[in-house]
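These are my notebook entries on one structure, kept in the order in which I looked things up. I began with how two of the helices pack and then went on to single residues.

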Amino acid sequence: MIKNENSDREAKVLAQHICMSVFKARRVIDQIRGRSYEETLMILELMPYWASYPILNLVYSAAANASHNMGLNEADLFISKAEVNRGAIVKKLRPRARGHSYLIKKATCHIKIFLKEKYKI
């Protein structure tokens, strides 16, 4: 197998403090890990989950980074690594009856996506 000289480089994108649960994001990320760029776009556009929209924007951004900064072809890219980690919990107070307050906890997550070029045979 002959490796292309650009194949060891990978384009990455990181989104921090996305307002969604880690479990909801992982459900989508597990479906696209290891797939080609074009197949990933089709899957994310047809998925019925709200979490697929921010992830779709991240995949677009990673492909733009790969083509603009490294000169890689978008048709040859695939998702080599994708991970979702837990972020900070945003706490808000909601007013309730008789002067009390109720604590609302919003989960956030950090999403990393790495794109690599396929090996040339």
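**Entry 1: the helix pair**

I looked first at the handedness of the helix pair, and found that α1 passes α2 in a right-handed crossing. The contact is made by V28, Q31 and I32 on the α1 side, and by T40, I43 and L44 on the α2 side. Sorting the residues of this contact by character, I counted four nonpolar, two polar and no charged. I note here that the model is a predicted one, and I read every entry with that in mind.

Two packed helices are described by the angle between their axes and the distance between the axes, so I looked up both values. For α1, residues 22-32, and α2, residues 37-46, the axes come within 10 Å and cross at roughly 145 degrees.

**Entry 2: helix α1**

Which residues of α1 are buried? I listed V22, A25, V28, I29 and I32. They cover an arc of only 135 degrees around the axis, and therefore sit on the same side of α1. I then asked what lies over them, and the cover includes α2, α3 (52-69), β2 (77-86) and β5 (109-117).

I checked both ends of this helix. At the start of α1, a side-chain oxygen of S21 reaches to within 3.3 Å of the backbone nitrogen of F23. After α1 comes G34, whose phi is positive, near 85 degrees.

**Entry 3: helix α2**

I repeated the search for α2, where Y37, T40, L41 and L44 are buried. Seen down the axis of α2, these residues fall within an arc of 100 degrees, so they line one face of the helix. The face turned away from that buried side carries the exposed residues M42 and L46. Among the elements that cover the buried residues of α2, I noted α1, α3 and β2.

I followed two residues of this helix further, and the first was Y37, which is in helix α2. Its relative accessible area is 7%, and because buried means under 20%, I entered Y37 as buried. Not counting residues up to four places away in sequence, Y37 touches V59, Y60, A63, E74, L77 and F78. I also took its separation from S21: the two are 16 residues apart along the chain, and their C-alpha atoms are separated by 24 Å.

The second was E45, also placed in helix α2. With residues up to four places away in sequence left out, E45 touches L56 and Y60. Y60 therefore appears in my lists for both Y37 and E45, as a residue touched by Y37 and as one touched by E45. From E45 to T108 I noted 63 residues in sequence and 22 Å in space, C-alpha to C-alpha.

**Entry 4: two loop residues beside the helices**

Is S36, in the loop between α1 and α2, buried or exposed? At 18% relative accessibility, S36 counts as buried, since the cut-off for that class is under 20%. Its contacts, not counting residues up to four places away in sequence, are with L77, F78 and K118. L77 and F78 are also among the residues that Y37 touches.

I turned next to Y49, which lies in the loop between α2 and α3. At 30% relative accessibility, Y49 counts as partly exposed. Leaving aside its neighbours within four places in sequence, Y49 is in contact with R27 and V28, and V28 belongs to the buried residues of α1. I also noted that Y49 and A25, 24 residues apart in sequence, lie 9.3 Å apart in space, C-alpha to C-alpha.

**Entry 5: positive phi outside glycine**

Finally I looked at backbone angles in residues other than glycine. H17 has a phi near 60 degrees, a positive value, and lies in strand β1, residues 10-18. R98 is not a glycine either, yet has a positive phi of about 60 degrees. I placed R98 in the loop between β3 (90-95) and β4 (101-106), and at 82% relative accessibility R98 counts as exposed.

Conventions: Residues numbered from 1 in each chain as written. Predicted model: local features only at pLDDT ≥ 70, side-chain atom pairs only at ≥ 80, totals over all residues. Heavy atoms only, no water. Axes fitted to C-alpha atoms, helices over the stretch in contact; angles between N-to-C directions. Helix = DSSP H or I, 4+ residues; strand = E, 2+ residues; numbered from the N terminus. Left-handed = near helix turned anticlockwise from the far one by under 90°. Contact = heavy atoms within 4.5 Å. Nonpolar A, V, L, I, M, F, W, Y, C, P; charged D, E, K, R; others polar. Buried < 20%, exposed > 50% of the residue type's maximum accessible area, 1.4 Å probe, protein only. Arc of directions from axis to C-beta. Polar contact = N/O pair within 3.5 Å; in protein donor to acceptor, adjacent residues only side chain to side chain.
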